[in-house]
Amino acid sequence: MKALLVALLLMASPALAVQPDEILSDPALEERARDLSKGLRCLVCRNESIDESNASLARDLRILLRERLVAGDSDAEAVDFIVARYGEYVLLNPPASGSTWLLWGAGPLMLLLAGGLGYGYLRGRSKATASDQTPLSSEEQARLDDILKG
Amino acid sequence: MAWGAVAPYDGTMITELGHFALILAFAIAIIQTVVPLIGAQKRWSGWMAVAEPAASAQFALTAFAFGALMWAFVTSDFSLRLVVLNSHSMKPMLYKISGTWGNHEGSMLLWVLIVSLFGAMAAWFGGNLPQTLRARVLAVQAAIGVAFFAFIILTSNPFLRLATPPFDGQDLNPLLQDPGLAFHPPFLYLGYVGLSMTFSFAVAALIEGRVDAAWGRWVRPWTLAAWIFLTIGIALGSWWAYYELGWGGFWFWDPVENASFMPWLLAAALLHSAIVVEKRESLKSWTILLAILAFGFSLIGTFIVRSGLLTSVHAFANDPERGVFILMIMAFFMGGALILFALRASVLEAKGVFSIVSRESALLVNNVLLAVSCFVVFIGTMWPLLAEMFFDRKLSVGPPFFDAAFTPFMVLLGLALPIGSAMPWKRANIGRALRPLRYVFLLAVAVGCLAFVIQTGRSLLGPVGLFLGAWVVMGTIMDLWGRTGRGEGRLRRLTRLPRADWGKMVAHAGLGVTMAGIAGLTAWSQDEIRALPIGGSLDVGSYTVQLDNVERLQGPNYVSTVGSLTLFQNGKEISQLRPEKRFYPVAQMPTTEAAIDYNLARDVYVVIGDEQDTGGWVIRAYIKPLTNWIWIGCALMALGGMLSLSDRRFRVAAGAAKRATPVPAE
C-alpha cells in the first residue's frame, strides 16, 4: 500500500495540470503541445505525463516545450531538445532502438511462439485416434451419473 | 462521530487476544499443511480428516484477529502503532473501518484472512471431492497461509503497541477516504487471493497425478469467483481514479494497476481452458500451468505493491526485508509448483480428439491471445528494471507503449470472440458456423461507418472500437439465439436455456461494451481550461459551463472550496455542478472532488482549481463520451460470471457435499 500511497500522493494536486496562463494563443500550436506533453514523463512523478501532472517541474517542462514550439521547432526537434537535457527516461514511449527492440518485439514474438505451439498441439489432437481414450471405470461412471442427475 | 479520543476505553485486552489468535492460526496452518499431506500419501483417513476442522479453526481465528484490529481502528485505540499512523479520531466511521486495510500491515492481514476463508469454503463445500484430493487441496492452501502468517508475524505485525500513546492519530491518506476506494482493496484481494484456491487445486492434482473432467468442474467455480471479484475490484479502482484524481483518466498502466490486471487476464484464460478440460479432457497440462501462473502473478503483484521495487529501487534497498521475504515466498511456491509440474505433467495426457476447426481450437486461440497480452503487460511493467539491470539504460515504459503494444491483442480477441463462440465442439463446419454472423458483421460495419461519418477527420480508433463493440455484443446475442434451435417456441426456449449460456452471453457482451466505451472515451474526449471570474463561462463542445459562485465550507475533517456552476447545452440549462477542492489539515493534503454530470452518451466533468492572482478561478471542463460504458461493461462481465456461477452444474457440485461418500482407498 505504501507504493500506492506514494503514487497517489504524487498524483494529487494543489493545482490542476495545465494552467490557463500556459496555454498558447495559437490553437494549432497548443494542440501540438498537448499531444507531445502526453508522451513526456513528469520526472518526479510515477508513470505520469507532464500533461497530467501538477508538479512544478512538469509545469517548467510544459512551458519549455511550448517555448520550443513557438520558436519554430518541429515536433521531433522539440522532443529531442528535451531528451538531450533530461535523458530518454523522459519519454513515456520508449523509442524502438537498440535493446528496446526486445521490448517491442516481445509481444509479437511470443504470439508467434504460442501460435506455433498451439498449432502443433491442435495438429496432434486432430490426428490422434479415438482409441487413446480410456473409458471411465464403472465406479467413476456411477459417480458421474450421480453428479449429473443432481 | 460518537467515538471521541477522550472516550474511556476498556477493550484493551481485545488487541492481545487478536494477536494471540493470529499466532494460533499460524500454528494451526502448520498442522493443516503437514498432517493431511502425510495422511493422503499413506491413505490414513484420520490424518486426512484433520484438514477440515483445521481449515475452519484457522479461518475463525484469523477472522477474530482481523476483527480485533478493526475494533482498535473503530475505537481509535492510539496505543496501537498502526492506528496512530493511519487513523484519526475525527475521521468518519466508514473510513475508520476501511482504515483497517488501508495500510500495509492491515492489508496483509486481510490477505491471509481471505486465504483462510477460501480454505474454509473448500472444506465446507468440497464434500464431493475425493478424500485424498480434498486433503491435499486444503494442505496446499494452508501452506500458502503459513508463508503469509509468518510474513505478517515476523515483518509486518499489525498489533505492535506504543509505550506512550499520542492523543490523536496521523489520519488516513485523504485520497483513500472515499467510498469507492474503501471497498476496492477487499474485492481486489478476494480476486487475487481467490486464485490461491485454483493454485491449490492444481498442485494437489499434480501430487495426485490425475486431472480429469471432474477436476475441471471443481476448479472452475473457484476461478470464476476469483475472476468476478477481480473484475469488480479493478472496475472500482478505475472508477475511483476517474472521479477522484481530477482529470478523468480511468487507467494509467501503473505497475500497481498492472499487478491486478495480469492475474485478471490469466484468470480469464484459465476460465476458458478449464471448460476444455471439463468438457473434452484436453489442454490439461496447459490448464494446470495457467492455474500455477495465475496465482504466480498474484504473488508478483503483491511483491510489486508491497516491496516498492518498481516505485524506486532506492525505496526497496532501504527497507528490503519485506520485499525479500515475499520474493522468497514467491520463489518457494512458484519454483516448487513448476518443478512438480515438470515432473508430473507427462502423466496428464489429453484424451479428446478434435479437428483444427472446432470450439476447442477457438478456446485455445482465446488462451493464446490472453496469455500473450498478459506477457506484454508483464514485460512492459518489468522493462525499466530489466533495462537498467542488463543494458544500463534508464528509461520509462508508460501508457503510450501499453496502448500500442497491448491494444492489438484485444482487437484480435474481440474479432475472434463471436466466431469462436459460434463453433461447435469437436469438428466445425466453418461455413455453417459463420452463416448467422454475416448480418451481425454487416450491421457492426455499418455502426463503425456511421461513427466515422459523424466524427470529422479524426483517427480510426473511435469507429473501429464501436465496430468491435457492436460485433461482440450482437455476435454473442446471436449465439444465444442460435441455441434455441428452430421453429416454434424459440422465445420460450430462450428463457429456459441454462444459466451458464446466459452468463456467457452477458459477460461477453460486457467485454464488447467496455471495448466500445474505452475507444469512445479515448478518441472523442474534449477539454477546455480557463480562469473564470464569478459569472464567467466557458464553452466545450455544445456545452457551456458558467461559474455562479465560490464558497468555502467546513467538512468533518477537511476544509473545502466549493464552486457552484450551471451547465447549459445549446443554451438550455441541464444541471447544477458543485466541484470541490478539499484540504485535509491533519495529513496536510489537498484532494479534488470533480463534479460530474453522468449520462449514458457522455459525462461532463468539471474540476475547480486555484484562485488566480489575476482574479477568477481555474475551471477545467471535459466532455467524456461513452465513459460509463466502461463500467457498465465491467458490471455486465461480473454479472455474467455470477450467472454462470449459479448454473445448475455448479450448484449440484456444491449441494452434493452432504450426500457424497468418500472414495475408498485404492
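1. The sheet. In this predicted model, 4 strands of chain B form an open sheet in the order β1-β10-β9-β8, and the pairing is antiparallel. β1 (526–532) and β8 (595–597) of chain B are the edge strands, each pairing on one side only. From one strand to the next, the twist averages 15°.

2. One strand pair within the sheet. Strand β9 of chain B (residues 602–611) pairs with strand β10 of chain B (residues 617–625) over 8 bridges, in the antiparallel sense. B:Glu611 stands opposite B:Trp617, a residue of β10(B).

3. Domains. The domain assignment divides chain B into domain 1 (12–175), domain 2 (399–524 + 631–639) and domain 3 (526–627). Domain 2 is thus given in two segments, 399–524 and 631–639. The centres of domain 2 and domain 3 of chain B, taken over C-alpha atoms, are separated by 36 Å.

4. Where domains 2 and 3 touch. In chain B, 5 residues of domain 2 are in contact with 4 residues of domain 3. On the side of domain 2 that touches domain 3, the residues divide into 3 nonpolar, 2 polar and no charged.

5. The chain overall. Chain B has 23 helices and 10 strands. Its C-alpha atoms fill a box of roughly 85 × 75 × 55 Å along the principal axes. For 666 residues, a compact globule would have a radius of gyration near 26 Å; the value for chain B is 27 Å, which agrees. Of the 666 residues of chain B, 55% count as buried. Among contacts in chain B with a separation of 6 or more, 75% are between residues 24 or more positions apart.

6. B:Ser76. This residue lies in the loop between α3 (51–74) and α4 (81–86) of chain B. Its phi is near 50°, a positive value in a residue other than glycine. Is B:Ser76 buried or exposed? B:Ser76 is buried, because 24 other C-beta atoms lie within 10 Å, and the cut-off for buried is 20 or more.

7. B:Glu281. A second residue to check is B:Glu281, which has a positive phi of about 50° although it is not a glycine. The loop that holds B:Glu281 runs between α11 (255–280) and α12 (284–307) of chain B. B:Glu281 counts as buried because 20 other C-beta atoms lie within 10 Å; a residue is buried at 20 or more.

8. B:Asp178. The loop between α7 (131–155) and α8 (179–182) of chain B contains B:Asp178. With 18 other C-beta atoms within 10 Å, B:Asp178 is partly exposed. Which residues does B:Asp178 contact, leaving aside its neighbours within four places in sequence? They are B:Trp240 and B:Glu244. B:Asp178 and B:Glu244 are 66 residues apart in sequence, while their C-alpha atoms are 8.6 Å apart in space.

9. Points to look at in the structure. For the sheet, follow the order β1-β10-β9-β8 in chain B and find B:Glu611 opposite B:Trp617. For the loops, B:Ser76 and B:Glu281 are the residues with positive phi described above. For a contact across the sequence, view B:Asp178 with B:Trp240 and B:Glu244.

Methods:
Residues are numbered from 1 along each chain as its sequence is written. Chains are lettered from A and ligands numbered from 1 in the order in which they are written. This is a predicted model: local features need pLDDT of at least 70, side-chain atom pairs count only at pLDDT 80 or more; totals for chains, interfaces and linings use all residues. Helices (H or I, at least four residues) and strands (E, at least two) are DSSP runs, numbered from the N terminus. A residue is buried if 20 or more other C-beta atoms lie within 10 Å of its own, exposed if 12 or fewer, and partly exposed in between; C-beta atoms are placed from the backbone. Two residues are in contact if their C-beta atoms, placed from the backbone, lie within 7 Å. The radius of gyration is taken over C-alpha atoms; the globule rule is 2.2 Å times the number of residues to the power 0.38. Domain bounds come from an automatic or database domain assignment. Ala, Val, Leu, Ile, Met, Phe, Trp, Tyr, Cys and Pro count as nonpolar, Asp, Glu, Lys and Arg as charged, and the others, Gly among them, as polar. Two strands pair if DSSP finds at least two bridges between them. Axes are lines fitted to C-alpha atoms, for helices over the stretch in contact, and angles run from 0 to 180 degrees between N-to-C directions.
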